Amino acid sequence: MKQQRKIILCGRLYDGVTREWKQNWKILVDGALIAAVGPQVPRPEDAAEIDLSDCQVTPGMIDAHMHMDYIDWHTIREEVYTTSEEAKTLAIARCARMALGRGFTTVRHVGGITSNGYGVLDVKEFIERGYMPGARIVAAPVFLCTAGSHGDLSQGFARNPELSAYMQKQRPGLGSGKAFFANAVREQVKYGTDFIKIMATGGFFTPYDSPVQQQLKDEELEAIITTAHELGKTVTAHVYTRELMQKLIRFGIDGMEHGSLMDRETAAMMEDKGIYLVPTFSPYEEAVHYDPEKIKDKQPEFRKKLELYKDALRAGREVICSSRIRLGYGTDFVATHQNYESGYEYEAWMNSGMSPFDALEAATRTNAGILGLEDRIGTVEPGKYADLAGWKRDLMTDMKALLDCSFVMKEGITYGNLLQEDGGSYPPGNN
């Protein structure tokens, strides 16, 4: 049966095309697509009216850095070995549903934290076929990494070498040598990955590595990027330091995640090459805007590294915010917030001196380009998917407004009460 057409009355509309609010504009939705938008639109006799005159209306939001495969950040380390791959797939499905209910109609899964399998691709397909509600998923199920690196979650069991060695073997993207990694790219493409994600440096979340370590050799990095490009896939890297960021630029990387310890020379190189950065501000907020009490909420190794690198993180944030790099909006929540609570990143952008339009553009049009979906989502224009969100709190002045979605539509279908039906957070009270 043909889907009913809809006319949406917007109080104010940010269309993702221009950095302004359009007053009292209307959107005509025909099936899954936007048919018309403007001060006046055609009014078919069969069109249902949706009154959002008390809302700010935006394109559906996009989170470009999410790990969907855990249930609760308080237990994420235990989930690595206490939950089955089936349970991790259920966690991914729940995350997709919860993200959609919060106005994030598309998310990018940048590798499994707890999972070693490909359940995210099954959830992605089920959502695309309409078998279940959820945010649209772009996914790299497995990131490529080396033993003992930030991508090797068996680090947590290093005091039990037999167990750690067994768990290390369960990570399909973990290995060494350019031949291994070139073939690993081929395998990930065969299994259906949308892009390639590499763990180039250490990180803050893992216990036995450092964010300044280079954890793949130059020839391994080059083999990954070259092979991926030959197969038509883009590559992004978990990376922090200026030295390795500049190497990756020379090797032809498409984008980077974090970049938190970068300098102005590196920023200029990224600007010149048009390389994107998803800076994931929120996980480092307690260090950049120093708050020793909030740092205590993080896992022990996270706390220690934030204290050690807080000055460098602050300097890197200043470089990122004053740059002309193509910045995407992503969260990377593995501590303090649940993976689907993507609105917290908005507050981090505002606290860092970025304008509301900087954050909104990053979370819509820019992210659509990063995901390779700019022809379908990211702006409110005729021919694009009718992915829309409505917000009653003022996005221009309220740093927490993006945590309180009042209306969500994805491909012309309105989703109401997803959060209420799901019971909110799980376990209850863990927010």
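**Exercise 1.** In this predicted model, determine which strands helix α3 lies across.

*Solution.* Helix α3 comprises residues 119–128. The helix lies across β7 and β8, and runs at about 155° to β8.

**Exercise 2.** Establish the strand order of the open sheet of 3 strands, and identify its edge strands.

*Solution.* Step 1: the order is β6-β7-β8, and the pairing is parallel. Step 2: β6 (61–66) and β8 (136–140) each pair on one side only, and are therefore the edge strands. Step 3: on average, neighbouring strands of this sheet are turned by 10° against each other, direction ignored.

**Exercise 3.** State how many bridges join β6 and β7, and name the bridge partner of Met 66.

*Solution.* Step 1: strand β7 spans residues 104–110, and pairs with β6 in the parallel sense over 4 bridges. Step 2: Met 66 has His 109, in β7, as its bridge partner. Step 3: helix α2 (residues 85–101) packs on the sheet and touches β6, β7 and β8; the direction of α2 makes about 140° with that of β7.

**Exercise 4.** Describe the largest nonpolar core and the surroundings of Leu 248.

*Solution.* Step 1: the largest nonpolar core has 73 residues, and Ile 198, Leu 248 and Met 256 have the most contacts inside it. Step 2: α2 contributes the largest share of this core, 7 residues. Step 3: with neighbours within four places in sequence left aside, the contacts of Leu 248 include Ile 198, Ala 200, Leu 221, Val 239 and Met 256. Step 4: a second, separate core of 23 residues includes Ile 76, Ala 287, Leu 306 and Phe 333.

Terms used:
Residues numbered from 1 in each chain as written. Predicted model: local features only at pLDDT ≥ 70, side-chain atom pairs only at ≥ 80, totals over all residues. Heavy atoms only, no water. Pairing = 2+ DSSP bridges. Helix = DSSP H or I, 4+ residues; strand = E, 2+ residues; numbered from the N terminus. Axes fitted to C-alpha atoms, helices over the stretch in contact; angles between N-to-C directions. Contact = heavy atoms within 4.5 Å. Core = buried A, V, L, I, M, F, W, Y, C linked by side-chain atoms within 4.5 Å. Buried < 20%, exposed > 50% of the residue type's maximum accessible area, 1.4 Å probe, protein only.
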